[in-house]
Amino acid sequence: MKTTVDINDTLLLQAKQLAAKQQGTLKSVLEAALRQFLETHAESRSPFKLRKHTFRGSGLQTGKVEGDWSTIRDSIYEGRGG
């Protein structure tokens with residue numbers, strides 16, 4: 001994919017010099033640098049963990065059946081114009 005990015009002149013010159021020294025391309029240098037940056041920052045983030053939540057009570061209210069979503073939905077919107 002092609003995109004346009006503004007890069008500091010000195011930084012771009014250093015990247016070009018490194019590419020020439022390694023007999024590679026500017027693209028390969030930039031991709032390697034970006035990969036390394038993303039890997040470093042991905043490791044620093046902790047993975048998402050869903051916390052367990054429980055509620056007091058004894059299950060469904062009287063007259064409600066698990067999986068009967070139309071009745072449950074009607075109860076939620078009862079008196080609210082829904």
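A salt bridge is taken here as a side-chain nitrogen of Lys or Arg within 4 Å of a carboxyl oxygen of Asp or Glu. By this rule the count comes to one salt bridge, and its partners are Glu31 and Arg35, with the closest N and O atoms 4.0 Å apart. Both residues belong to helix H2, four residues apart, about one turn of the helix; helices are DSSP runs (H or I, at least four residues) numbered from the N terminus. Glu31 is partly exposed at a relative accessible area of 34%, and Arg35 is partly exposed at 49%; buried means under 20%, exposed over 50% and partly exposed in between (1.4 Å probe, protein chains only).

The structure is a predicted model, in which local features need pLDDT of at least 70 and side-chain atom pairs count only at pLDDT 80 or more, while totals for chains, interfaces and linings use all residues. Residues are numbered from 1 along each chain as its sequence is written, and side-chain values use heavy atoms, with hydrogens and water left out. The mean pLDDT of the chain (the predictor's confidence in each residue, from 0 to 100) is 87, and 95% of the residues reach 70 or more. Among the elements of the chain, helix H1 (residues 9-21) has the highest mean pLDDT, 97, and helix H3 (residues 69-77) the lowest, 86.

Helix H2 (residues 26-44) also holds His41. A polar atom of the His41 side chain lies 2.9 Å from the backbone oxygen of Phe37. His41 is partly exposed, with a relative accessible area of 39%. Between His41 and Ser58, 17 residues apart in sequence, the C-alpha to C-alpha separation is 45 Å.

Glu31 and Phe37 appear again in the lining of the largest pocket, together with Met1, Lys2, Thr3, Val5, Ile7, Lys27, Leu30, Ala33 and Leu34. On a 1 Å grid over the protein atoms alone, a pocket is an open set of points where a 1.4 Å probe fits, with protein on both sides within 12 Å along at least five of seven lines, and lining residues have an atom within 4 Å of a point. About 500 Å³ of space lies in this pocket, the volume being the space filled by probe spheres set on the points.

Turning to the backbone, Gln23 lies in the loop between H1 and H2. Phi of Gln23 is near 55°, a positive value in a residue other than glycine. Most residues other than glycine have a negative phi. At 75% relative accessibility, Gln23 counts as exposed.

Methods: Helices (H or I, at least four residues) and strands (E, at least two) are DSSP runs, numbered from the N terminus. A polar contact is a pair of N or O atoms within 3.5 Å; within protein, one must be able to donate a hydrogen and the other to accept it, and residues adjacent in sequence count only if both atoms are side-chain atoms.
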